[in-house]
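Welcome to a short set of exercises on reading a protein structure. Have the view ready and try each task before you look at its solution.

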Amino acid sequence: DIKGFAFDLDGVITDTARLHGQAWRQTADTVGTPWTAELAESLKGISRLESLEMILAAGGHANDYTEREKEALADEKNKAYQELIKTLTPADILPGMGDFIRDAVAQGYRLSIASASKNAPAILNNLGLTKYFIGIVDPATLSAGKPDPEIFVRAAAVLDLPNEQIIGLEDSAAGIKSINAAGQTSLGIAAAGVLPEAKLHFTATSQVTLATIATKMNQ
Ligand code: B16
Ligand code: MG
């Protein structure tokens, strides 16, 4: 039986991808990498420094910067991003997700956050959702990011539940791989045909409810 939910944050609870995109776009301009929708999509669920590496590589600049310069670029991006997330309010919760989170807690499910973002605590606070979650995995303490299972395994430990009793919610391919490898039930939210590896598939956050999940689990 399912007793808990481990949530990705960006793309599942709120659309911070557009804010990451705004901030990374400035970095791409600085280093001379053309900004494309594909590049933006490929950064979802990927850590800050790995994202920077991908932006550099996309423009053929993989070897043009020292580690120190890369850290400065990543810091600059994060400062811009932190200004943008100050504007987030409960109105920025993706459709249906606030109700789903409140319903799940009211029904006795245990909730945790498995986000690659070091800014997750600030974002949850601004959305007014902190109190619904038992805990947030600190991505700074992980030895490997998504698609490695570590982050979702740790999200299960936070809930004190076995992996088999957890549904992991994700919008990225790397995240679905992580959930599946952890032995949890993966729930993917993406356009039809995207995230084929998700055990349960939804095309929009507004469709995710305890009832629709129960129906898909029994199919
Ligand atoms: P930060 P998620 C991820 O969050 C984002 O999808 C990804 O684009 C971002 O680079 C990463 O967090 C790190 O974020 O720079 O705030 O530490 O989807 O795993 O919730
Ligand atoms: Mg995500």
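The exercises below move from the strands to a helix, the core, the ligand and the loops.

This is a predicted model, in which local features need pLDDT of at least 70 and side-chain atom pairs count only at pLDDT 80 or more, while totals for chains, interfaces and linings use all residues. Residues are numbered from 1 along each chain as its sequence is written, and chains are lettered from A and ligands numbered from 1 in the order in which they are written.

**Exercise 1. Find out which residues cover the two faces of β4, and which strands pair with β4.**

Step 1: Learn the terms. Helices (H or I, at least four residues) and strands (E, at least two) are DSSP runs, numbered from the N terminus. A residue is buried if 20 or more other C-beta atoms lie within 10 Å of its own, exposed if 12 or fewer, and partly exposed in between, with C-beta atoms placed from the backbone.

Step 2: Check the faces. I166, G168 and E170 are buried on one side of β4, and I167 and L169 are buried on the other. Five of the five residues of β4 are buried, so the strand is largely enclosed by the rest of the structure.

Step 3: Look for partners (two strands pair if DSSP finds at least two bridges between them). β1 and β4 pair in the parallel sense over four bridges; here A6 has G168 as its bridge partner, and G4 has I166. β4 and β5 also pair in the parallel sense over four bridges, with L169 opposite L187.

**Exercise 2. Describe how helix α8 is covered.**

Step 1: Count. Seven of the ten residues of α8 (residues 173-182) are buried, including I176, I179 and A182.

Step 2: Find what they pack against. The buried residues of α8 are in contact (C-beta atoms, placed from the backbone, within 7 Å) with α7 (150-159), β4 (166-170) and β5 (185-189).

Step 3: Look just past the helix. G183 follows α8 and has a positive phi, near 85°.

**Exercise 3. Locate the largest nonpolar core.**

Step 1: Define it. A nonpolar core is a set of buried Ala, Val, Leu, Ile, Met, Phe, Trp, Tyr and Cys residues joined through C-beta atoms within 7 Å.

Step 2: Find its hubs. Of the 45 residues in the largest core, A6, F7, I113, A114, F152, A155 and A156 touch the most other members. α7 gives the most to this core, with six residues.

Step 3: Zoom in on A155. Leaving aside neighbours within four places in sequence, A155 is in contact with A6, S112, A114 and V137.

**Exercise 4. Which residues come nearest to ligand 1?**

Step 1: Take the residues around the ligand, whose C-beta atom, placed from the backbone, lies within 6 Å of it. Of these 18 residues, L9, D10, S115, A116 and S117 come nearest.

**Exercise 5. Compare the backbone at P147, D160 and L195.**

Step 1: Recall the background. Most residues other than glycine have a negative phi, and most peptide bonds are trans.

Step 2: Look at P147. The peptide bond from K146 to P147 is cis, with omega near 15°, and P147 lies in the loop between β3 (135-136) and α7.

Step 3: Look at D160. Its phi is positive, near 60°, and D160 counts as exposed because it has 12 C-beta neighbours inside 10 Å.

Step 4: Look at L195. The phi of L195 is positive, near 60°, while L195 is buried, with 21 other C-beta atoms within 10 Å.

Definitions and conventions:
Two residues are in contact if their C-beta atoms, placed from the backbone, lie within 7 Å.
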